[in-house]
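Thanks for making time for this. I have one structure to show, so please look at the screen for a moment.

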Amino acid sequence: MAMPADTNASGDIFGGWVLSQMDLAGGIASGQRAEGRVVTIAVDKMKFIRPVHVGDVLCVYTSVGRVGTSSMEIKIEAWALRHRYGHREKVTEAIFTMVAVDDSGKPRPVPTQH
């Protein structure tokens with residue numbers, strides 16, 4: 001839920017807060033696909049569509065797109081559930097590129113799906 005401490009001077013939620021929630025969701029989705037540790041290396045086509053307001057619940061949805069040797073593209077959409085109980089509205093979308101890494105932080109292969 002978006003809280004007053006997450007606002008900018010205009011009273012809207014900081015884009016950086018929304019981005020961090022999307023990065024968390026992308027890390028979960030890509031970590032499951034990679035079966036281990038991942039890091040974010042790029043955010044592309046970030047589009048802020050509508051503002052997020054205090055009291056909105058941010059719902060973040062992911063889908064795994066292209067999978068390379070060690071990298072994955074994760075499409076992420078954020079939707080706001082207005083005032084906790086109201087209608088849902090798409091507020092942000094982006095494509096995150098995540099890389100599977102080993103314990104020393106070096107890229108490793110993403111396992112093939114079974």
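I will go through the overall layout and then a few individual residues.

Keep in mind that this is a predicted model. The protein chain has one helix and four strands, and in sequence order they run α-β-β-β-β. Along the principal axes, the C-alpha atoms fill a box of roughly 45 × 25 × 20 Å. Of the 114 residues in the protein chain, 34% count as buried. If you take the contacts with a separation of 6 or more, 67% of them are between residues 24 or more positions apart.

Now to R108, in the segment after β4, where β4 covers 88-100. Which side chain of opposite charge is nearest to R108? It is E35, at 6.8 Å. R108 is buried and has no salt bridge; the cut-off for a salt bridge is 4 Å, so the E35 distance does not qualify. What the R108 side chain does reach is the backbone oxygen of V101, at 3.1 Å. Leaving aside neighbours within four places in sequence, R108 is in contact with A34, E35, G36, R37, T69, S70, A100, V101 and D102.

E35 is on that contact list, and E35 has a backbone feature of its own. Its phi is positive, about 55°, although E35 is not a glycine. E35 lies in the loop between α1 (15-34) and β1 (38-48). Is E35 buried or exposed? It counts as exposed, because its relative accessible area is 56% and the cut-off for exposed is over 50%.

K45 also has a positive phi, near 55°, and is a residue other than glycine. K45 lies in strand β1. At 68% relative accessibility, K45 is exposed.

Next is T97, in strand β4. T97 has a relative accessible area of 11%, so it counts as buried. Outside its neighbours within four places in sequence, T97 is in contact with V39, T40, I41, A42, D44, S71, M72 and E73.

Last, the aromatic rings. How many aromatic pairs does the structure hold? Zero. There is, however, a charge over a ring: the charged end of R88 sits over the ring of W79, 4.6 Å from the ring centre.

To recap the two arginines: R108 is buried without a salt bridge, and R88 has its charged end over the ring of W79. That is what I had.

Terms used: Residues numbered from 1 in each chain as written. Predicted model: local features only at pLDDT ≥ 70, side-chain atom pairs only at ≥ 80, totals over all residues. Heavy atoms only, no water. Phe/Tyr/Trp six-rings, centres within 6.5 Å; stacked < 30°, edge-to-face > 60°. Lys NZ or Arg CZ within 6 Å of the ring centre and 35° of its normal. Helix = DSSP H or I, 4+ residues; strand = E, 2+ residues; numbered from the N terminus. Buried < 20%, exposed > 50% of the residue type's maximum accessible area, 1.4 Å probe, protein only. Lys, Arg positive; Asp, Glu negative; His and termini not counted. Polar contact = N/O pair within 3.5 Å; in protein donor to acceptor, adjacent residues only side chain to side chain. Contact = heavy atoms within 4.5 Å.
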